[in-house]
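This report concerns a single protein chain. The sequence and the structure are shown first.

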Amino acid sequence: MAQAYCFAGPPGVGKRATAVALAQAVNCLAPVRALADADSPDACGACRACTRIAAGQHPDVSLIVPEEKTVISIEQIRDLTARASLRAYEGSVKVWILDPAHEMQEPAANAFLKTLEEPPAASLFILLTTTFSALLPTIRSRCQEVRFTALSEEHVRTILTRHGRTPEEAAAAAALGGGSAERALAVDVGEFHATRLRLAEEVWGAVRSLPALLDRAERLAKDKAGLETALETLLVFTRDAAVARLGVPDTPLLPGERRAEVERIIGNAPLAAILRVYAAQRTARHALASHAQPRFTAERMLLKMREAVTGSEAET
Ligand SMILES: [Zn+2]
């Protein structure tokens, strides 16, 4: 282990969570070997030390954040230096997490540098930053840099569902999050509904004309992940449409104001047509998951939707 690390990477990808996990790993009272081939044991996550660290209540693990949301001040660093020279209260290693480390003013950074030059025994410094180059070169050279990158959309989706989002909301928010769980979690659900309506309106509008349909298929299929997200979104809308058509009174699933929007978009399509649309969208989702070609999948789905919608209009 180095005595100082710098976790550098975009916001919302788990730098602080990883720093906390590392603090637990070095202070855990009952380390476990999670993987047989792991070269060092991991934190148990359940002992007194692990739970207190997770709760931010461990006396030997300190999170240094900017005061009044501006900068990490020299007073904060002096306090850190004074405390770092004392023995650990109960843990074996004192851990300092500076987040974001680039918010140290120059005097603070210089004071911190002195501590890094002669680090007290059994101490560990973890600097978090979005911009490694924003740290003083002298600080950079004393830290082991660990690069963090954007998360995959699938990973963000998993995190969001763990935070109680529905699969559809998670898919849409993950697509908008650009690889950051933090940003995806901040996605406005109202905004999400607006996006859903816009997409549904465009797609339902396009199926009534063949040239518009082909154009829409091309746009939808521009990238596979985008099409997957669009399908999730459309499936939610179609479910709403079925609920509206069934005449179920206001439900949390479909409050009154959204019902009117849904009805405006689907026109007078009967329930049978809506269910066929739903089937077409589910088939498309399945095909895409089975590596069907996106453009072909989108066209096929829209043609099926067209059949369902215009067929029912011809009957009436
Ligand atoms: Zn533990």
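The sections below treat the overall form, the surface and charges, the backbone, and one helix.

## Overall form

The structure is a predicted model. Its chain contains 14 helices and 5 strands. The radius of gyration is 27 Å, whereas the globule rule gives 20 Å for 316 residues; the former is well over the latter, so the chain is more spread out than a compact globule. Taken along the principal axes, the box filled by the C-alpha atoms is roughly 85 × 40 × 40 Å.

Of the contacts between residues at least 6 apart in sequence, 69% join residues at least 24 apart. Buried residues account for 43% of the 316 residues.

## Surface and charges

The chain exposes about 16300 Å², and 54% of this area is supplied by carbon and sulfur atoms. The chain carries 37 positive and 38 negative charges, whose mean positions are 3 Å apart.

## Backbone features

Most peptide bonds are trans, and most residues other than glycine have a negative phi. Three sites in the chain call for comment in this respect. The peptide bond from Asp99 to Pro100 is cis, with an omega near -5°. Pro100 is located in the loop that links strand S3 (94–98) to helix H4 (106–117).

Ala122, which is not a glycine, has a positive phi near 50°. This residue belongs to the loop between H4 and strand S4 (123–129). With a relative accessible area of 43%, Ala122 is partly exposed, since that value falls between the limits of 20% and 50%. His291 likewise has a positive phi, of about 70°, although it is not a glycine. His291 lies in the loop between helix H13 (271–289) and helix H14 (294–315). The relative accessibility of His291 is 66%, so this residue counts as exposed, the cut-off being over 50%.

## The buried side of helix H3

Helix H3 spans residues 74–84, and its buried residues are Ile74, Gln76, Ile77, Leu80 and Ala84. Because these residues cover an arc of only 155° around the axis, they lie on the same side of H3.

The packing partners of these buried residues are strand S2 (61–64), S3, H4 and S4. Two of the loops described above adjoin elements in this group: the loop with Pro100 runs between S3 and H4, and the loop with Ala122 runs between H4 and S4.

Note on methods:
Residues are numbered from 1 along each chain as its sequence is written. This is a predicted model: local features need pLDDT of at least 70, side-chain atom pairs count only at pLDDT 80 or more; totals for chains, interfaces and linings use all residues. Side-chain values use heavy atoms; hydrogens and water are left out. Helices (H or I, at least four residues) and strands (E, at least two) are DSSP runs, numbered from the N terminus. The radius of gyration is taken over C-alpha atoms; the globule rule is 2.2 Å times the number of residues to the power 0.38. Buried means under 20% relative accessible area, exposed over 50%, partly exposed in between (1.4 Å probe, protein chains only). Contact means heavy atoms within 4.5 Å. Accessible areas come from the Shrake-Rupley method with a 1.4 Å probe; for residues, only the protein chains shown count as cover. Lys and Arg count as positive and Asp and Glu as negative; His and the chain ends are not counted. The place of a charge is taken as NZ of Lys, CZ of Arg, CG of Asp or CD of Glu. The arc is that of the directions from the helix axis to the C-beta atoms.
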